[in-house]
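Thanks for coming, everyone. I have one structure to walk through today. Let me put it on the screen.

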Amino acid sequence: MGLVQEFKEFALKGSVIDLAVGVVIGGAFGGIVKSLVDNIIMPPINLLTARSGVNFKEAALTIETESPKLDDAGKIIEGEGAGMLVQDYPILNYGPFTQTIFEFLLIAIALFVAIKLINAARARMEDEPEEEEVAKPSEDIQLLREIRDALQKS
């Protein structure tokens, strides 16, 4: 029974729950950044680099390969129309890797800015002087002041 109780206390601690929420939000944020890179950032970059023949989605180091021509059933064509089919075969896809680097950089920049803002807010909150409570005079001093004020009136 002690082990179950220990686990319950551990799982219900605020820091564990905060960590779980952070992981879920981080996963969603990663999806947002991936969509941002794939749909907003990379298309203009691909448009600019397409003039030089580079498309990051399809950028790869390829080798030329030969394979026999196949019919629709997947059998090798023999006789008329037979021959070898020459194709480029990608052996190193560096385009998608480049997009992933962009995603990482955007996430790193966003986290850096968020942490910087949080630290600045925390520093401002710590530097603000707390309002000091005005010390209330004791009942004896209040009574003496009332007596003094009454004597001054008469």
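**Salt bridges and a domain contact**

I'll start with the pair R148 and D149: their side chains meet in a salt bridge, N to O, at 3.4 Å. Before going further, please keep in mind that this is a predicted model.

How exposed are these two partners? D149 counts as partly exposed because its relative accessibility is 35%. R148 has 43% relative accessibility, so R148 is partly exposed as well.

How many salt bridges does a search of the whole structure find? Two. The general idea is familiar: side chains of opposite charge can pair when their charged atoms come close.

The other pair is D38 with K34. Here the side chains meet at 3.0 Å, again N to O. Where do D38 and K34 lie? Both sit in helix α2. They are four residues apart, about one turn of the helix. Helix α2 itself covers residues 14-50.

Now compare the burial of D38 and K34. Is D38 buried or exposed? Its relative accessibility is 16%, and the cut-off for buried is under 20%, so D38 counts as buried. K34 has a relative accessible area of 41%, so K34 is partly exposed. So this salt bridge joins a buried acid to a partly exposed lysine.

What does D38 touch, once we leave out residues up to four places away in sequence? It touches P43, Q99 and E103.

Let's follow one of those, Q99. Q99 lies in helix α3, residues 95-127. Its relative accessible area is 7%, so Q99 is buried. With residues up to four places away again left out, Q99 touches V37, D38, M42 and K57. So D38 in helix α2 touches Q99, and Q99 belongs to helix α3.

Next, the domains. The domain assignment gives domain 1 as 1-53 and domain 2 as 55-131. Their contact takes 13 residues from domain 1 and nine residues from domain 2. The C-alpha centres of the two domains lie 18 Å apart.

What about the area buried between domain 1 and domain 2? It is about 980 Å². Carbon and sulfur atoms give 72% of that area. On the side of domain 1 that touches domain 2, the residues divide into seven nonpolar, four polar and two charged.

How many salt bridges does the rule find across the interface of domain 1 and domain 2? Zero. The count of residue pairs in polar contact between these domains is also zero, with both residues required to be at pLDDT 80 or more. Please keep that condition in mind when you read the count.

One last stop, back in helix α2. S15 is found there. Is S15 buried or exposed? S15 has 52% relative accessibility, and over 50% is the cut-off, so S15 counts as exposed. How far is S15 from A59, C-alpha to C-alpha? The separation is 43 Å, with their positions 44 residues apart along the chain counted as the distance apart in sequence.

To recap. The structure has two salt bridges. One pairs D38 with K34, and the other pairs D149 with R148. Domain 1 and domain 2 bury about 980 Å² between them, with zero salt bridges across their interface.

That's my tour. I'm happy to take questions.

Methods:
Residues are numbered from 1 along each chain as its sequence is written. This is a predicted model: local features need pLDDT of at least 70, side-chain atom pairs count only at pLDDT 80 or more; totals for chains, interfaces and linings use all residues. Side-chain values use heavy atoms; hydrogens and water are left out. Helices (H or I, at least four residues) and strands (E, at least two) are DSSP runs, numbered from the N terminus. Buried means under 20% relative accessible area, exposed over 50%, partly exposed in between (1.4 Å probe, protein chains only). Contact means heavy atoms within 4.5 Å. Domain bounds come from an automatic or database domain assignment. Buried area is the accessible area (1.4 Å probe) that two parts lose on being put together, summed over both. A salt bridge is a side-chain nitrogen of Lys or Arg within 4 Å of a carboxyl oxygen of Asp or Glu. A polar contact is a pair of N or O atoms within 3.5 Å; within protein, one must be able to donate a hydrogen and the other to accept it, and residues adjacent in sequence count only if both atoms are side-chain atoms. Ala, Val, Leu, Ile, Met, Phe, Trp, Tyr, Cys and Pro count as nonpolar, Asp, Glu, Lys and Arg as charged, and the others, Gly among them, as polar.
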